[in-house]
Amino acid sequence: QQQQQQQQQQQHHHHHQGDQGSQSSKKSKRKRNRGNQQDKPKDVGPPPRREDQLAWRAVRVRCCDQSTEQNARYIDAVRRNAELVAERTSNKCGYLHIPSMDTRGWALFSKSFLVQGEREALIIDVRGNEGGNLTEQLLEKLCKKPVAISFPRFGRPTPFPHTPRALVLLVDQTSASDSEVFAHSFRALKLGPIIGRQTWGGVTGITRETPLVDGSSVTHPSVAFYAQGDQGFGVENRGVPPDHVVEIPPFAPAKDADPQLLAGIEAAMAQLLDVPAQRSQ
């Protein structure tokens with residue numbers, strides 16, 4: 001009897017463990033089923049519209065050095081100024097900037113003059129120009145006089161060679177060296193009004209320099225500039241005063257405002273209205 005009772009207890013114990021195992025397996029199956037239901041993709045509605053897809057775009061950013069960034073910002077600033085001049089004058093006036101009186105300045109001037117110089121008026125900007133040796137080449141371009149008239153099959157007749165009928169020069173306190181010589185020559189040849197601020201006042205040429213042990217150098221003044229008339233050597237240490245002084249307030253750059261450029265636009269349009277055929281004659 002004791003053996004029978006022990007066998008019955010063992011069977012009952014085995015049945016109880018089987019029930020617990022079946023219950024735990026049922027629970028694990030329920031969890032797996034819930035996980036599978038969660039993994040199934042939900043209904044997110046219709047696909048996005050095409051206009052919503054077009055609102056997103058990929059942008060690739062390339063890192064560059066400081067000189068490359070400055071050059072890109074310079075090109076963008078010149079483009080914005082040219083667009084502003086064209087908009088304010090209905091494409092009657094062009095704009096170009098000469099950054100320096102060297103090979104780069106000559107290349108940019110020649111490239112811009114092919115397009116901007118075809119307008120009736122032209123604003124030449126030498127603000128920030130630290131000089132070089134380019135004045136003679138610029139004057140050869142700007143002092144041309146028409147000797148004939150070109151009659152195209154379509155379009156209006158144009159003087160040959162074509163030169164703008166009105167010129168305006170923009171200068172400021174950072175216009176130095178050869179850009180001051182250019183400003184003085186611009187006034188002496190009566191090419192047009194000069195607008196901005198008085199130039200830097202250093203037209204003495206430099207042909208050599210001596211390096212020092214600390215990495216700096218000493219320049220040697222080699223070529224003086226003597227102007228005809230009463231001015232003589234007076235451009236040195238004095239600069240070239242503008243015909244119309246226009247200051248730029250401290251807050252103007254933050255607002256993308258350029259009072260000197262706006263004054264140049266007004267002066268160019270005034271010349272076209274007052275003497276419409278002066279340079280063509």
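**Helix α4 and the sheet beside it**

In this predicted model, a good place to start is helix α4, where T103, K111 and L114 are exposed on one side. On the other side of the helix things look quite different: G105, F109, F113 and Q116 are buried. Looking down the axis of α4, these buried residues fall within an arc of 80 degrees, so they line one face of the helix. That fits a simple rule: an α-helix has 3.6 residues a turn, so residues three or four places apart point the same way.

The cover over the buried residues of α4 includes two helices, α3 (66-89) and α5 (135-142), along with strands β1 (93-97) and β2 (121-125). As for the helix itself, α4 takes in residues 103-116, 14 in number, and spans 20 Å from first C-alpha to last, close to the 20 Å expected. Right at its start, D102 gets involved, with a side-chain oxygen that comes to within 3.3 Å of the backbone nitrogen of R104.

Now for the sheet. Five strands make up an open sheet with parallel pairing, and their order is β1-β2-β5-β6-β9. The edges belong to β1 and β9 (244-245), each of which has a single partner strand, so one side of each is left without a neighbour in the sheet. Further in, β5 (residues 166-171) and β6 (residues 194-196) run parallel and are joined by three bridges; L169 has I194 of β6 as its bridge partner.

Two more helices lie across these strands. Helix α6 (residues 178-188) crosses β2, β5 and β6, at about 145 degrees to β5. Helix α7 (residues 259-274) lies across β1, β2, β5 and β6, and its angle to β5 is about 160 degrees.

Terms used: Residues are numbered from 1 along each chain as its sequence is written. This is a predicted model: local features need pLDDT of at least 70, side-chain atom pairs count only at pLDDT 80 or more; totals for chains, interfaces and linings use all residues. Side-chain values use heavy atoms; hydrogens and water are left out. Helices (H or I, at least four residues) and strands (E, at least two) are DSSP runs, numbered from the N terminus. The expected span of a helix is 1.5 Å times one less than its number of residues. Buried means under 20% relative accessible area, exposed over 50%, partly exposed in between (1.4 Å probe, protein chains only). The arc is that of the directions from the helix axis to the C-beta atoms. Contact means heavy atoms within 4.5 Å. A polar contact is a pair of N or O atoms within 3.5 Å; within protein, one must be able to donate a hydrogen and the other to accept it, and residues adjacent in sequence count only if both atoms are side-chain atoms. Two strands pair if DSSP finds at least two bridges between them. Axes are lines fitted to C-alpha atoms, for helices over the stretch in contact, and angles run from 0 to 180 degrees between N-to-C directions.
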